[in-house]
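Subject: Structure for you to look at, with notes

Dear colleague,

I am handing over the structure we spoke about, and my notes on it follow below. Please open it alongside this message, so that you can follow the residues as they come up.

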Amino acid sequence: IQPGDRVALLSYNRPEWSIADYGILTIGAVIVPIYSTLPEDQVDFILRDSGSKAIHVENEQQYKKVAHLRGQIHIVGPGGESWDDFLARGKSLTDAEHRERALKVQPDDLATLIYTSGTTGVPKGVMLTHLNLGSNLKSCCQVLLFGEKDLGLSFLPLSHILQRQVDYSLFVGGSQIAYAEHVDKVADNLQEIRPTVLAAVPRFFEKVYGKIQEAVAGMPARRKALVNWALVVGSLESSYRMRGKKPPLGLRGKYWWAKKLVLSKFHKRVGGRIRLFISGGAPLGRDIAQFFFAMGFTVLEGYGLTETSPVLTINREGMVKLGSVGPVVPDVEIKIAEDGEILARG
């Protein structure tokens with residue numbers, strides 16, 4: 001594989017995904033991530049359209065989608081070269097040689113081709129350079145202040161740019177990342193891993209909200225009244241927290257009891273240590289966001305596109321406006337055209 005060659009990844013989130021990602025980036029090749037849920041014909045189209053020379057497949061199920069291309073494309077994973085053999089071949093390269101090779105990669109070199117469904121016709125490959133990814137990462141890291149004490153649970157597909165940039169931001173912050181076993185296992189993994197950071201789409205928040213509402217509906221009247229009181233107190237407290245202000249002493253006392261008696265139990269449902277939720281991919285209902293803030297969580301909603309690497313705007317801790325996607329991130333400019341179209345550049 002030479003600089004500029006395309007290498008595909010057909011896998012759900014796992015450590016090997018990120019290892020392959022970094023390996024491909026540091027030799028100047030181009031990553032073509034493919035959703036693990038896509039059927040064989042769509043996988044075939046993306047591989048042919050991108051001109052991929054190699055592909056990493058996660059398991060036998062994914063291998064079956066590309067088995068017919070064996071001999072035309074190098075396959076790493078079940079059915080092809082084993083992961084261990086693949087890594088062993090890489091040991092011939094010294095750290096110094098690897099670093100020298102990586103530093104030859106230029107900012108304007110293509111880093112990744114991400115195929116999006118778009119609104120018309122066949123999927124189209126969005127071209128993002130190392131500078132596109134790097135500049136947006138720099139912007140995000142000035143807003144999302146991840147540190148060595150943070151632990152992120154990676155469960156949105158890494159084939160989508162949102163989770164990938166969140167994971168890159170966690171790497172930059174020296175944080176830990178845990179990879180969800182499967183999208184259906186996220187609830188269990190939250191309990192096991194107890195993350196501090198989680199990026200999600202509105203559907204996740206809606207499902208959690210629905211389950212909590214269901215649980216409250218089945219409570220005895222006195223318990224239900226206590227929960228409703230705690231949420232009212234939490235809502236008042238969050239109105240100060242969203243603006244980065246300290247609540248009055250009396251409210252702080254009520255909130256302490258609300259947290260101890262009720263809200264802490266809701267926090268345990270998502271591991272008990274979440275300090276930051278990030279929401280993107282679609283609009284988050286204002287009432288849902290308000291509910292999470294009332295429970296003592298912080299949810300930062302943002303906006304962007306695959307083509308913008310992806311973040312254009314995001315709310316900030318201590319500067320949250322519900323129902324909005326927040327201010328523009330550093331080094332990005334936005335204006336609204338006369339016809340209402342959003343124009344952005346970075």
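Leaving aside its neighbours within four places in sequence, with which residues is Leu162 in contact? Please keep in mind throughout that this is a predicted model. In that model Leu162 is in contact with Leu156, Gly280 and Pro310, once the residues within four places in sequence are set aside. Leu162 lies in helix H7, and because its relative accessibility is 13%, under the 20% limit, it counts as buried. As a guide to distance across the model, the C-alpha atoms of Leu162 and His68 are separated by 31 Å, the two residues being 94 apart along the chain.

Helix H7 comes up again at the second largest cavity, which holds about 30 Å³ of space. The lining of this cavity is made up of Gly152, Leu153, Gln163, Val166, Asp167, Leu170, Val197, Leu198 and Ala199. Strand S7 (151-154), helix H7 (161-172) and strand S9 (197-200) are the elements that give two or more residues to it, and the largest share, 4 residues, comes from H7. By class, the lining of the second largest cavity divides into 6 nonpolar, 2 polar and 1 charged.

The structure holds 2 cavities of 30 Å³ or more, and the largest has a volume of about 50 Å³. Residues that line the largest cavity include Leu284, Ala289, Phe293, Val299 and Glu301, and also Asn315 and Lys321. Both H12 and S11 supply at least two residues of this lining, whose residues divide into 6 nonpolar, 3 polar and 2 charged.

Helix H12 (residues 286-294) deserves a separate look. Its buried residues are Ile288, Ala289, Phe291, Phe292, Phe293 and Ala294, and they pack against three helices, H9 (202-217), H10 (221-241) and H11 (249-268), as well as against strands S10 (276-279) and S11 (299-304). Just after H12, Gly296 takes a positive phi of about 100°.

Phe292 of that helix also appears in the largest nonpolar core, which has 81 residues and in which Phe155, Phe204, Phe205, Phe277 and Phe292 are those with the most contacts. Not counting neighbours within four places in sequence, Phe205 is in contact with Ala200, Phe277, Ile278, Ser279, Leu284, Ile288, Phe292 and Val299. A second core, separate from this one, has 19 residues, including Ile55, Val66, Ile73 and Leu110.

Turning to pockets, the second largest pocket has a volume of about 750 Å³. It is lined by 24 residues, and those that lie nearest its centre are Gly23, Ile27, Phe86, Gly90 and Leu93. Helix H1 (15-26), strand S3 (52-57), strand S4 (74-76), helix H4 (83-90) and helix H5 (95-103) each give two or more residues to the lining of this pocket. Its lining has 12 nonpolar, 8 polar and 4 charged residues.

Two acidic residues seem worth your attention as well. Is Glu81 buried or exposed? Glu81 has its place in the loop between S4 and H4, and because its relative accessible area is 16%, below the 20% that sets the limit, Glu81 is buried. A polar contact of 2.8 Å joins its side chain to that of Arg89, and, not counting residues up to four places away in sequence, Glu81 touches His74, Ile75, Val76, Phe86 and Arg89. Glu81 and His56 are 9.4 Å apart in space, C-alpha to C-alpha, although 25 residues apart in sequence.

The other is Asp5, which lies in the segment before strand S1 (6-10). Asp5 has a relative accessible area of 14%, and because this too is under 20%, it is buried. The side chains of Asp5 and Lys53 are joined by a polar contact of 3.4 Å, and beyond the residues up to four places away in sequence, Asp5 touches Ala29, Val30 and Lys53.

With best wishes

Notes
Residues numbered from 1 in each chain as written. Predicted model: local features only at pLDDT ≥ 70, side-chain atom pairs only at ≥ 80, totals over all residues. Heavy atoms only, no water. Buried < 20%, exposed > 50% of the residue type's maximum accessible area, 1.4 Å probe, protein only. Contact = heavy atoms within 4.5 Å. Polar contact = N/O pair within 3.5 Å; in protein donor to acceptor, adjacent residues only side chain to side chain. 1 Å grid on protein atoms, 1.4 Å probe; cavity = no way out; pocket = protein on both sides within 12 Å on 5 of 7 lines; lining within 4 Å. Points joined across faces, edges and corners; volume = space filled by probe spheres on them. Nonpolar A, V, L, I, M, F, W, Y, C, P; charged D, E, K, R; others polar. Core = buried A, V, L, I, M, F, W, Y, C linked by side-chain atoms within 4.5 Å.
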